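Welcome! Take a moment to look over the model below, and then we will walk through its inner spaces and a spot on its surface.

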Amino acid sequence: MAFSVPANLEAEITELISHYPQKRSASLMILHAVQEHFGWISQEAVEWIAARLELQPINVYELVTFYPMFRREPAGKHVVKVCRTLSCALGGSHELHGHVCQKLGLDAHAHGLQTTADGKFSVEFVECLASCGTAPVMMCNEDFHQAVTAAKADEILGKCA
Amino acid sequence: MPQEFRLILKYADEPGYTPDIECYLRHGGYESLRKALAIAPKTLPDGKVVGAPEQIRDDVKLSGLRGRGGAGFSCGLKWSFVDRRSGKPIYLICNADESEPGTFKDRQILHKDPHQMIEGMIISCFANDVKLAYIYIRGEFPEGARILNRALNEARAKNFLGKNILGSGYDLEIHVHRGAGAYICGEETGLIESLEGKRAYPRIKPPYFPAILGLYQCPTIVNNVETLCAVKHIVGMGGAEFAKLGTPNNTGTRIVSVSGHVRKPGYYEIEVGKATIGQLINDFAGGLREGRKLKAVIPGGSSAKVFKAGEKFKLKKKGPDGKDIEQEVDMLDLPYDFDSLMAAGSMSGSGALIIMDDSTDIVAALANLSEFYAHESCGQCTPCREGSLWMSKALHRMAHGEGRKQDADYLLKIADNIPGGRTICAFGEACSWPVQSFVGKFKDEFVARGEADEARRAAGATRPSHS
Ligand SMILES: Cc1cc2nc3c(=O)[nH]c(=O)nc-3n(C[C@H](O)[C@H](O)[C@H](O)COP(=O)(O)O)c2cc1C
Ligand code: SF4
Ligand code: FES
């Protein structure tokens, strides 16, 4: 089936392109919009965006491979990001990450994003989230959580229906 | 005991203070913009007429404001480099990428007082004849981006933004652009590439100085969130008044992020240089936890060279007779400003202190930072791409019980071969400084770790004791 976007996303994309004197500048914002809608960036999406911006697919694909936030495969329904970097590590983020992984049956030593078998959760160890004063921190989808204990993490995961 | 001096964060944490425009206006918001737009042209004795924008630029120079993003470069001087004769449009970009580990000050401003930054940005754009500007915000701040978009819409509705702002004839548009998780987008030329829709590969300088060949090869100003807020206050109180805050050559206030092993981590706004590192740790951040001793302090974000507890520095100070006198200063007694920290061989960088007490495994701490840099190198320059990865791999090995006694020298050798003009951008320095300083200052610990691991392996033990 040919790739297509719904009318409201199409309108959002048109608006985004109008923010820049050169169309290509809109590519990151469009990738965000497309990923928010579909959950990931497929090859068809790359080609569609490239055509929309009058670029070659490689011009868009190289962004997807460069910027860590863009995904080339679907993620779980809820995406959990735990901060890995120094201040959070001093505040126990490795223990937090280990706890979250164990609870969800994931490998705490695996690299990159991993998803549970039921597709409900993805967990990722990420770099400094700019909230080092309230370590350890984690994001669940777009929500930000500070000073996360194991109990608080359980509560956050439990609230994800 | 030194006190916080809240200029930029004056209202942010007040109960009931909200990020909407009505609240901002009730607290005197956009008065500085009105003042800026109303500045009358001045005629000099030689008949030359100086317009409002140029007067503001002069005032920013007079204020002594130095950039709060990392390099501490004079804001007035940066603005004076802008090529105003090319006939090309001039762009301004607010750097809200805040990704230097340890730093969490811009987030406070963006979330709690977005209009203050927007007002500072509009004034800065007016002062530099900018008609189109962007806020580059890191991708992991989705809430921040929403707050900014809402605030920009409110400002547009009140005609602080858009066409013919407050009847002045000045037009300006500002858009929010989101990054997507790459630290190198904070480096200004990487940021510009990213805003052009490309990989954030920093550009080589010369020739690509943003002030001359920036966004779309046009003159471009990149300023940090906090720097732009300071501009609002400079226009509000006047550059000369602003220059009275802080200390000579280190004027104004600074929001210092304190994290790590302290009882009250958090952000503290001080007059620059009016508190020492020791006061920031003990008086503001509540000191170390019960029974703990200080081991090390990273004074300006993860890229800044580490200070070891007890380290002493010889600093030059002006005596009462105006002559330089040399003084020995303990690390904790260094005034928190740009110049003192530079004189002590490090930097105040992004204004972020990371405190480590004596429970810290210094090898593991450096391994953590090196993994960050190995992950974030953009990969254009061989010394940076390979060097950051080698250092990270060696440190990972050491942190997991597979050290060798020559690892300390091996690490220093790699680190010494990355910076110093061998790379396109300052990330080369940023990734080698932690290694040079950690290994340089805690060498005995690194060597001892390697020796212990070797002895254990020689004895036939396979399980490392500390992995
Ligand atoms: C590797 C690297 C990362 C940087 N990250 C940031 C950042 O996250 N935020 C920021 O404001 N400046 C950052 N900078 C500094 C910018 O390049 C630039 O100097 C700054 O935004 C200028 O603003 P200022 O003069 O107002 O400080 C970084 C620099 C380097 C070399
Ligand atoms: S120094 Fe590193 S981050 Fe900077 S351009 Fe070179 S490879 Fe990229
Ligand atoms: S180190 Fe975790 S938020 Fe900065």
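In this predicted model, the lining of the largest cavity is made up of seven nonpolar and five polar residues, with no charged ones. That cavity holds about 80 Å³ of space. It belongs to a count of two cavities of 30 Å³ or more.

**The largest cavity**
- Its lining includes four cysteines that you can look up in chain B: Cys378(B), Cys381(B), Cys384(B) and Cys425(B).
- Pro202(B), Ile424(B) and Phe427(B) are also part of this lining.
- Other lining residues are Ser377(B), Gly379(B), Gln380(B), Thr423(B) and Gly428(B).

**The second largest cavity**
- This one has about 30 Å³ of space.
- Its lining draws on both chains, with Cys83(A), Thr85(A), Leu86(A), Ser87(A), Cys88(A), Cys128(A) and Cys132(A) on one side of the list, and Pro101(B) and Gly102(B) on the other.
- Helix α5 (residues 86-90) of chain A contributes the most to this lining, with three residues.
- Sorted by class, the lining has six nonpolar residues, three polar ones and no charged ones.

**A nonpolar patch on the surface**
- Now go to the outside: Phe73(B), Leu77(B) and Phe81(B) make a nonpolar surface patch, and together they have about 270 Å² of accessible area.
- Where does Phe81(B) sit? Look in the loop of chain B between α4 (75-80) and β3 (90-96).
- Phe81(B) has a relative accessible area of 45%, so it counts as partly exposed.
- Residues in a patch need over 30% relative accessible area, and Phe81(B), at 45%, is above that cut-off.

Methods:
Residues numbered from 1 in each chain as written. Chains lettered and ligands numbered in written order. Predicted model: local features only at pLDDT ≥ 70, side-chain atom pairs only at ≥ 80, totals over all residues. Heavy atoms only, no water. Patch = residues over 30% accessible without salt bridge, like charges linked within 9 Å, V, L, I, M, F, W, Y side chains within 5 Å. Areas by Shrake-Rupley, 256 points an atom, 1.4 Å probe, with all protein chains shown as cover. Salt bridge = Lys/Arg side-chain N within 4 Å of Asp/Glu carboxyl O. Helix = DSSP H or I, 4+ residues; strand = E, 2+ residues; numbered from the N terminus. Buried < 20%, exposed > 50% of the residue type's maximum accessible area, 1.4 Å probe, protein only. 1 Å grid on protein atoms, 1.4 Å probe; cavity = no way out; pocket = protein on both sides within 12 Å on 5 of 7 lines; lining within 4 Å. Points joined across faces, edges and corners; volume = space filled by probe spheres on them. Nonpolar A, V, L, I, M, F, W, Y, C, P; charged D, E, K, R; others polar.
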